[in-house]
Amino acid sequence: MVEQVSRLDAGGRVDRVQKLAFKFNGRSYTGYAGDTLASALMANGVSVVGRSFKYHRPRGIMSAGAEETNAFVQILGSEEEPNVPATTLPLVKGLDAHSVNAWPSVNFDVGRVTDLLHRFFPAGFYYKTFMWPRDRWDWYGQFIRRVAGWGTAPKTAAGKRYEHRYHHCDVLIVGGGPAGLAAALSAGRSGARVLLVDNQSEFGGYLLGSSAEINAKPAMSWITDVVAELDGMPEVVCLSEASATGYYEQNFVTVLERRPDKRWVRERLWKVRARQVVLATGAIERPITFVDNDRPGIMLASAASTYCLRYGVRAGRKAALFTNNDGSYRHAIELADSGVDVAAIIDVRTNANADLCKTAAAKGIEVILGSHVARVIGKRRVRAIEIAASGTGAQRRKIACDLLLVSGGWNPTIHLHSQSGGKPLYDERLATFIPGASVQKEISAGACTGHFTLAQCLSDGLLAGRQVAESCGYPSDTIDAPTCTDETDLNLQPIWEVPLPHRHSRAFVDFNNDVTTKDIRLAEREGYRSIELAKRYTTAGMGLDQGKSGNVNIIGLMADITDTAPGAIGTTTYRPAYSPVSFGAMAGADNGDLIIPWRRTPITDWFIANGGHLDETGALFRRPLYIAKPGESARDAINREALAVRNGVGIYDGTPLGKISIKGSDAVTFLDRVYTNSWGKLPVGRSKFGFMLHDDGRLLDDGVTFRLADDHYLMSTGSGVAAVVLKHLEKLLHCEWPDLDVYLTPVSDQWAVICVCGPNAREVIRRAETDIDINPEAFKFLDTRYCRVAGIDARVSRVTYTGELSFEFVVPTRHGLNLWEALLEAGKEYDITPIGSDTSMLLRTEKAFIAAGLEGDGYANIYDVGMGWVVAKNKGDFIGKRSTSRDINLGGPRPEIVGLLPEDSNFVPPKGAPILESDTADTSPDASRNMVGMVTIGFHSPNLQRSIALAQVQDGRSRIGDTINVYTKSRVVSAQICEPVFFDPDGERMRD
Amino acid sequence: MSGYDANIECLPFIGFLDLRGGEAIRLACSECLSVTLPASANTLISVDDERVAYCISSDHWILQVADGSQQAALQSLEIAAGDVSHSFVDVSDLYARIRLSGTEARAVLAQGVSIDIHPRVFGVGATARTGFAKTTAQLHCVDETPTFIITVFSSYQQYALDWLQQAAGKT
């Protein structure tokens, strides 16, 4: 076990009583509660935490927050997750993580060879190299994928679950630093509903690692008081470890909470709709672009302060600071105060704040103005730096240090503002981008506006909180801003690139994707001057960190190269997510059995218990395709069921059928307009088949409609199109015919539908006992009657989908299972056979009953599918009439539905198989371009003891008796075109 | 796993009538059933434990009545409505109800309902027809526990139940 060699003896906010054991790259370490993995690794003296993406250069911890660009790890174990920034990963007992981009180990990585050959791998290398030959792209892809690195997706389901939560509030405050807390206090006291989110494990923002004071006390004292007050407000919700990841239209913001309050929830994705949003997202320090600026031991100045003051960890034994602004002096001084030996401050400016220089000198820190870092010595850890005078490069001297702090200024975190539609503005004084005008109901406050002093942040936050609460109707008293430690202005001198000492030297502008200043220059030379194009060509800013710390340096460099102002270059587009969101969090509960909301009929459980092979068959219903006996194959089960219906009796659950109640004095007019046939003469107690067309004359749906009373009809629709048909009809009523006295009520789930079909159906009904006369003379085909059957009130109809004598019972859903079981019992003597939807489909194919969704392909019209008999010639207009007439008037060949009898009676033509002329010799896949039709459905018919199919064939009706070829991937089979009705062509059985 | 403090329970079928029509229908309902139909969408008028009228839109109501009383209610309504344009349909089995109750019921419901269900906005007596998980539901907040009656299309009842159970951390 390695000791925490770099842990300071005292200080920090970690709980030194709670020692936590963890593993990194297989080695055991300890840290404390309150650590992040990064701070714990640093405490244990681990300097190389990973390898870079492209060149596999050793990399160390760069930051202390979400902007981390180097230290990504793969978490192992039950909560495996790739590419997690170690800087935001709270240390927990037993944490096991390893580096990414390294093989076989982070200390000996064979991928390092790419760094040695870096001159051959410039930006755009992939695009230029892996172009030829084209048929090798897949092979290249596999190779590149292996080399590319990053973590690996978990192969097993997460142990815990993910949760979504919708949340509405008056005020959403993003950021729990001084500005955000001040805004929350101000808005919270007004009584507004406030949601405060912060991506750190504690509220306080940068003050968690700062020596600043508020009201003459340590700043964290003020933070603690404010958080306690907020916690006591019933309408304020405070979430830590919660990142606002995306800002969308109408103040919709997604927030990813990483450690929710419920132990069984791994992550919770909040979907927040806020009336007002306060963005107090702070700012991110940016690095400086100089030679080998990516070496382990080089770190943002503020991060080193944070590790020291928040975590009690010394980031190095001897430090130096390389800066271009006054603000960073504070960090060098804080480190010195904590016992770190700070050798020097190297400042590119010559006009540093004199008071700060004196303070630093008093701490024993040498201040070297007008200089820059010219060389970094040490590959796996900085050992020393060489500095030189800015401008001349002369006066070189070496400074020994193992920690080089860098501060190139600050980038306000304007990502969410930009996502909300705001346009960033370039601030010359700060040499960075700040929020422009608000587009949505949003205010930025604090450091994210470029106000970098604590006093400004607090007053900004208090004001913003009050303003947004008032705009929501919650006036509040003004809160006086507390007094704060004096802070100096940044007085920054922008520096976008320190001159490189050698033509093969490299300075990184994007550590995450290994993009150097040379890559940006190359992009510019090759014409990618737009920052958006340069970004895509070089991949700068496209890594896991999305360029949080480096992007402004890239813009500044491009401005220098093109002799343009950075403001004129502009930013690239900020898109969600601000920080990575796991797929699990995106999916939430929508997985496993809940990924689709399976609908059930009252019979579904019976099918599950009795061998039903269920599948989604339309409108989210899970229906049995067939009901197999133990050991029975699918084909055998379907054959058995189909034979039973033709020779004995079957029973079928038709509940998923769509059902629409149509009531009103204009119901007949309505039906006449939406169906192709006439409805005026249909008496009460009778039903009729109808065909419904789209406006363009193509097939929409078909089904039977029953007349239940003078002004009451019940329309049946296909199961899968019930909602489509209802929407179609409602739209017509609302938009086209608002004058019609018609009301539609969807009643699909009101009724269970059970169909008894087959020659013995009547005997089964008699055995089940019914109170109506079901003899053929009294109860004819297409009649519908109210009755009692098996003691249950029902409506029974003589309608069929199988072509057999059928009785379709409709009962309230709650009685569905009772009736099903009663009919099964009554049919025992006749070996009544439950059938599934595949069997039903086979039986309808034998009868050539058209299915609009199969035989209709979006082109075929009602005549093409042989249903011209359903079109009334002598009635007024109906939907689709004009377009259907147009097809007829245009003439020419049409794709017509015919039957197919394959020459090989065991060959079942697959659905969609192309049909070509039999004299076509070409058997290549390209031959399908000459197709004259296609198979719409095919089956092996046990009743006909051979395979059959329905097909769409050009001019098919005039080609009965011709031979054509059916193409499949494996073979070509001849088939004879025949009449489509294979069984009982005169329909005598169903009319029996 | 105990999950959220929320109990989930399927309720038996009850009477539901789907009423369509204009202002005259409101009068008819008031006359024959002593139930005033609410005038605004997403509001309800609760007469007693069994009789609740939900307004779906300006010409559409769902009237909850005691199970077994549907036919008598429909007949009364038909007589009262007379020749006025209307549609009354028994939809008692179209819907199935689930009761969600407990101090954390809102936290469970908020996982699948995008409307604001904060007690200031959606307190006792509030109702809305809205998206719920991947289906549609009529929500009704019936007490301050809080307790919600979630009414879904009956073919979705098992899905809604399974969804609620997992959302509540019970499975």
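This dialogue explains how to read several features of a predicted model.

Student: What should be known about the numbering and the model beforehand?

Tutor: Residues are numbered from 1 along each chain as its sequence is written, while chains are lettered from A and ligands numbered from 1 in the order in which they are written. The model is predicted, and local features need pLDDT of at least 70, side-chain atom pairs count only at pLDDT 80 or more, and totals for chains, interfaces and linings use all residues.

Student: How many residues does each chain bring to the contact?

Tutor: Two residues are in contact if their C-beta atoms, placed from the backbone, lie within 7 Å. Here chain A provides 29 residues and chain B provides 31 residues. Helices (H or I, at least four residues) and strands (E, at least two) are DSSP runs, numbered from the N terminus. Strand 8 (161–174), strand 34 (658–663) and strand 38 (743–746) of chain A each supply at least two residues of the side of chain A that touches chain B; strand 8 of chain A gives the most, with six residues.

Student: Which strands make up the open sheet of chain A, and in what order?

Tutor: Two strands pair if DSSP finds at least two bridges between them. In chain A, five strands form an open sheet in the order 35-36-37-34-38, with antiparallel pairing. Strand 35 (687–693) and strand 38 of chain A stand at the edges, each with a single partner strand, so one side of each is left without a neighbour in the sheet. Strand 36 (residues 699–709) and strand 37 (residues 712–717) of chain A are joined by four bridges, and A:Ala709 stands opposite A:His712 in strand 37 of chain A.

Student: Which strands does helix 20 of chain A lie across?

Tutor: Axes are lines fitted to C-alpha atoms, for helices over the stretch in contact, and angles run from 0 to 180 degrees between N-to-C directions. Helix 20 (residues 722–736) of chain A lies across strands 34, 35, 36, 37 and 38 of chain A, running at about 160° to strand 38 of chain A.

Student: How are the domains of chain B arranged?

Tutor: Domain bounds come from an automatic or database domain assignment. For chain B, the assignment gives domain 1 (7–11 + 94–167) and domain 2 (15–90). The C-alpha centres of these two domains of chain B lie 23 Å apart. Eight residues of domain 1 of chain B are in contact with seven residues of domain 2 of chain B.
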